[in-house]
Amino acid sequence: MNADVDVWLHGALHNCDANDLLPFYAILRSIPNKLLGVVAMFGSLLILLVLPLTDISRIRGNQFRPLMKLGYWFFVVDFFILLWIGAMHPETPYLEIGQVATAFYFIWFLAIVPVIGLIENTLMDLAIEKN
């Protein structure tokens with residue numbers, strides 16, 4: 001009976017589908033310092049809470065924001081790169097790709113989103129003044 005439980009438990013642990021955590025695992029592995037890697041991994045989840053504060057555009061939806069639409073697809077590609085890197089072994093080409101993708105992930109929330117909002121607000125103000 002113990003052998004059956006062991007086989008079942010071993011199979012259950014190896015069949016666990018954790019593909020949704022692979023991007024965060026890639027962020028964890030991309031930073032050489034273990035403590036900073038853990039901080040970055042949890043920071044990558046908590047930075048989602050900062051997004052309403054960093055998006056300074058007056059238009060809330062992306063439907064009427066062409067620059068944000070383009071930037072969104074860059075972010076989606078970056079997320080899939082992190083997903084792919086999280087499934088790879090931490091070897092030389094994958095490690096560097098993961099570091100670049102991790103840097104883009106954090107730069108997206110802290111710099112690119114506010115800059116896109118500022119550019120779109122400025123362009124909207126210029127269009128309104130022109131009319």
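**View 1. Lining of the largest cavity.** Ala 26, Arg 29, Ser 30, Ile 85, His 89, Pro 90, Tyr 94, Leu 95 and Gly 98 line the largest cavity, a cavity being a set of points on a 1 Å grid over the protein atoms alone where a 1.4 Å probe fits but cannot get out, with lining residues having an atom within 4 Å of a point. The elements that give two or more residues to this lining are α2 and α6, helices being DSSP runs (H or I, at least four residues) numbered from the N terminus. The volume of this cavity, taken as the space filled by probe spheres set on the points, is about 50 Å³. The model is predicted, and its local features need pLDDT of at least 70, whereas side-chain atom pairs count only at pLDDT 80 or more. Residues are numbered from 1 along each chain, and side-chain values use heavy atoms, without hydrogens and water.

**View 2. The largest nonpolar core.** This core, a set of buried (under 20% relative accessible area, 1.4 Å probe, protein chains only) Ala, Val, Leu, Ile, Met, Phe, Trp, Tyr and Cys residues joined through side-chain atoms within 4.5 Å, has 17 residues, and those with the most contacts inside it include Ile 27, Leu 82 and Trp 108. Two or more core residues come from each of α2 (22-30), α3 (34-46), α5 (66-87) and α6 (92-130), and α6 gives the largest share, seven residues.

**View 3. Surroundings of Phe 106.** Leaving aside residues up to four places away in sequence, Phe 106 touches Ile 27, Ala 40, Gly 43, Ser 44 and Ile 47, contact meaning heavy atoms within 4.5 Å. Phe 106 is also among the residues with the most contacts inside the largest nonpolar core.

Technical notes. Buried < 20%, exposed > 50% of the residue type's maximum accessible area, 1.4 Å probe, protein only. 1 Å grid on protein atoms, 1.4 Å probe; cavity = no way out; pocket = protein on both sides within 12 Å on 5 of 7 lines; lining within 4 Å.
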